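Hi everyone, thanks for coming. Let me put the structure up on the screen, and then we can walk through it together.

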Amino acid sequence: MIELRDISKSYGTGSTAVEAIRDVNITIDKGEIFGIIGHSGAGKSTLLRCVNLLERPTTGTVTVGDVELTKLSTTQLQQQRRRIGMIFQHFNLLSMATVRDNIAFPLKLAKLSKGEMKKRVDELLALVGLEQHGNKFPAQLSGGQKQRVGIARALANNPDVLLCDEATSALDPQTTNSILSLLVDINQKLGITILLITHEMHVIRSICDRVAVIDDGGVVEMGDVLEVFLKPQHPVTRDFVSQIADSFDPRELIASRSGRLIKVNYVGDITYEPLLFNAVKSTSVQFTILQGTVSRMKNTPYGQLVIEFIGDHADIEKVIADLRHKGLEVGDLA
Ligand SMILES: Nc1ncnc2c1ncn2[C@@H]1O[C@H](COP(=O)(O)OP(=O)(O)OP(=O)(O)O)[C@@H](O)[C@H]1O
């Protein structure tokens, strides 16, 4: 649905030039929720704005659907932008217009009749749960409600793609979660492809299918959220993962424990099965859980444990082999 090929973007020229994006290649499938995460200044906004050409890349091509946007005329580009909705951190609503008029704004540009416009605004108000608030002004709404207006406006022309520019960064945790649920709902009901940028790993973990980590203008890691989250390779990725992980490093225990310390990762329905108990019960091995997380990423349960096994070496090997056979990823803590 979205293809960014060899994208670079520089601001300024000569000795003051800033290379905000360098050689980025990302392909996003139809119906995916794709997240781009990076620290402040990494280039997230620039990259997102390259997708609808609010920023024109210095080099490279942008294709949305089967249309290469980078080679269109201004008029053709305006037409194609209707297929790409966008929401913003600070909502960007018209303060002097009611909720209904804010949502109707892109419909006016698309020259819908009054009747069609009313019908569509009613549908959109229902979709984002604001049926009771159509005649209010933005100043009379909470942050979460303002973002719902932003989402309704972005969806007005039935876009194929929704770009989200730090859409929950100005919201408290509870409101953030309600907006994230709404985005998933929209993705599932309407099949819209969502591309979001964020500096919060929580956002990625809650709703994204895949993630790209960017640092200093380049992609340093990309893949399925589960894969990247459970086995982060790049220091910047590890940094983001640690935002939602236990800050205690279990390797500090190695010197003080006499048993064998093992790290176990598991994903999917086996998370809720008594695999550890079953693996040790016919052996002499005892175990202690030293650290553990059992949680969910989007809809997938997963667990990460650090376990101390005490017992006969051969029996411990047998337990490890049994766990691996059941699909768990098992390795020594090192
Ligand atoms: N219009 C501009 N002119 C010059 N430099 C710019 C411009 N916009 C962004 N930059 C520079 O490009 C780099 C990337 O900025 P960008 O805003 O894309 O990062 P970001 O990851 O979105 O950061 P933040 O999370 O703080 O918004 C930064 O070094 C920034 O100073």
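Let's start with the ligand: 13 residues surround it, and Tyr11, Ala20, Ser40, Ser45 and Thr46 come nearest. Being near here means that the C-beta atom, placed from the backbone, lies within 6 Å of the molecule. Please keep in mind that this is a predicted model, where local features need pLDDT of at least 70, side-chain atom pairs count only at pLDDT 80 or more, and totals for chains, interfaces and linings use all residues. Residue numbers run from 1 along each chain as its sequence is written.

Which elements supply at least two residues each of that shell? They are β2 (18-28) and α1 (44-51), and α1 gives the most, with 3 residues. Helices and strands are DSSP runs numbered from the N terminus, helices being H or I with at least four residues and strands E with at least two. By character, the shell has 4 nonpolar, 8 polar and 1 charged residues. For that split, Ala, Val, Leu, Ile, Met, Phe, Trp, Tyr, Cys and Pro count as nonpolar, Asp, Glu, Lys and Arg as charged, and the others, Gly among them, as polar.

Now for some helix packing. α3 (residues 99-109) packs on α5 at about 30 degrees, with the axes 7 Å apart. That angle makes α3 roughly parallel to α5, a label used for angles under 35 degrees. Axes are lines fitted to C-alpha atoms, for helices over the stretch in contact, and angles run from 0 to 180 degrees between N-to-C directions. On the α3 side, Val99, Asn102, Ile103, Phe105 and Pro106 meet Val149, Ala152 and Arg153 of α5; contact means C-beta atoms, placed from the backbone, within 7 Å. These residues divide into 6 nonpolar, 1 polar and 1 charged.

α5 (residues 143-155) also packs with α6 (residues 173-190), at about 20 degrees and with axes 10 Å apart. So α5 is roughly parallel to α6 as well. Here the α5 residues include Gln147, Ile151 and Leu155, and those of α6 include Ile179, Leu182 and Ile186. This contact has 5 nonpolar, 5 polar and 1 charged residues.

Finally, the domains. The domain assignment, which is automatic or from a database, gives domain 1 (2-242) and domain 2 (250-332). Their centres, taken over C-alpha atoms, are 40 Å apart, and each domain puts 7 residues into the contact. On the domain 1 side, α7 (201-207) and α8 (225-230) give two or more residues each, with the largest share, 4 residues, coming from α8.

Note on methods. Parallel < 35°, antiparallel > 145°, perpendicular 65-115°, else oblique. Contact = placed C-beta atoms within 7 Å.
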